Amino acid sequence: MEVIINEPTWELCKENVAPLKRGRKAEKINRVFGKETSIEEDVQIRAKFEEDVTNGQVADPLAVWIKYTAWLEDRYPLDRSQAFLVRERCLRSLKDETRYQNDSRYVKVWIDYIDCLEAPLEALKYMQIKGIGLDVSDFWLSWARIAEDLGRRRLATQIYAKAIETLAEPDPLLLKRRDQLTEAPPQPARSRPRSNRQVLANSQLSRRSRRQQSPSFVSSAPSNNDQSQ
């Protein structure tokens, strides 16, 4: 008996696909699940990315790293560990590049990476110490959001105040969130969404992430008492 399936392959498989904040393009997922892809082609694409991020000849290496991680996430939707590791390599590679300190693209790479850490506040404090993202509203919004999710209301209030003091033109959304936090009654700590926290638990990286919640270059950041507030 012939079985006719009218639903797109993406619809049949999407429960097994790790979600991304930006969402996924259905046609890309259909290409991944709907037909057998060439291993040789994947190897060639990956080799080209590796060449571009390591040879030092690219004018904007950050753009290449971003394309690399995006390709990995779309090509391997069931294995986010690959994109996570490449994203970590990107941060290590560019951590001393002052031209990227307040580049919103670089800040987004950091936030996407931090959202997969078990202990995100340490990495966010590292960013502040290194001056990464201080002129970018998304840095402050993400830091305050994570503090709120962890039940650190006082810390979140301090972050909003510091953001307003630091930014030349604070984002209206930042001001709105600050006011909402001030007016809202205290809330218990919320578990951060699994899709954004330890999504690598079933991968080879899970053992490593339990041993080392943040990479060594983040762990070296000095502590600060306001994290305990």
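These legends go with a set of close-up views of a predicted model.

**View 1. The whole chain is built from helices.** Look for strands and you'll come away with zero, against 12 helices. Reading along the sequence, then, the pattern is simply α-α-α-α-α-α-α-α-α-α-α-α. The chain has 229 residues, and 40% of them count as buried. Take the contacts between residues at least 6 apart in sequence: 66% of these join residues at least 24 apart.

**View 2. Helices α4 and α5 lie roughly antiparallel.** Here α4 covers residues 61–75 and α5 covers residues 81–94. Their axes come within 8 Å and cross at roughly 170 degrees. An angle over 145 degrees counts as roughly antiparallel, so that is the label this pair gets. On the α4 side, the contact is made by P61, L62, W65, Y68, T69, L72 and E73. Facing them from α5 are Q82, A83, V86, R87, R89, C90, S93 and L94. Sorted by class, the contact of α4 with α5 has nine nonpolar, three polar and three charged residues. One of the α5 residues to pick out is C90, which is buried with a relative accessible area of just 1%.

**View 3. Helix α4 also packs against α6, this time obliquely.** The axes of α4 and α6 are 10 Å apart, and the packing angle is about 40 degrees. That makes the pair oblique, and the crossing is left-handed. From α4 come L62, A63 and I66, which meet R105, Y106 and V109 of α6. Five of the residues in the contact of α4 with α6 are nonpolar and one is charged, with no polar ones. Keep an eye on L62, since this residue of α4 turns up in the contact with α5 as well as in the one with α6.

**View 4. Helix α6 is largely enclosed by the rest of the structure.** Spanning residues 104–114, α6 has 11 residues, and eight of them are buried. The buried set starts with Y106 and V107 and then takes in V109, W110, I111, D112, Y113 and I114. Two of these, Y106 and V109, are also among the α6 residues that touch α4.

**View 5. Helix α7 is mostly covered too.** This one runs over residues 120–129, and eight of its 10 residues are buried. They are P120, L121, A123, L124, K125, Y126, M127 and Q128. Step just past the end of α7 and you reach G131, with a positive phi of about 75 degrees.

**View 6. Helices α8 and α10 run roughly parallel.** In this view, α8 is residues 137–149 and α10 is residues 172–183. Their axes come within 10 Å and cross at roughly 20 degrees. Angles under 35 degrees count as roughly parallel, so α8 and α10 qualify. The crossing of α8 and α10 is left-handed. S137, W140, L141 and E148 of α8 touch L173, L174, R177 and L181 of α10. By class, that gives the contact of α8 with α10 five nonpolar, one polar and two charged residues.

**View 7. Two buried cysteines, C90 and C116.** C90 has a relative accessible area of 1%, while C116 comes in at 5%. Both fall under the 20% cut-off, so C90 and C116 count as buried. As for sulfur pairs, a search of the whole structure turns up zero disulfides.

Technical notes: Residues are numbered from 1 along each chain as its sequence is written. This is a predicted model: local features need pLDDT of at least 70, side-chain atom pairs count only at pLDDT 80 or more; totals for chains, interfaces and linings use all residues. Side-chain values use heavy atoms; hydrogens and water are left out. A disulfide is a pair of cysteine sulfur atoms within 2.5 Å. Buried means under 20% relative accessible area, exposed over 50%, partly exposed in between (1.4 Å probe, protein chains only). Axes are lines fitted to C-alpha atoms, for helices over the stretch in contact, and angles run from 0 to 180 degrees between N-to-C directions. Helices (H or I, at least four residues) and strands (E, at least two) are DSSP runs, numbered from the N terminus. Angles under 35 degrees count as roughly parallel, over 145 as roughly antiparallel, 65 to 115 as roughly perpendicular and the rest as oblique. Contact means heavy atoms within 4.5 Å. Ala, Val, Leu, Ile, Met, Phe, Trp, Tyr, Cys and Pro count as nonpolar, Asp, Glu, Lys and Arg as charged, and the others, Gly among them, as polar. A crossing is left-handed if the near helix is turned anticlockwise from the far one by less than a right angle, and right-handed if clockwise.
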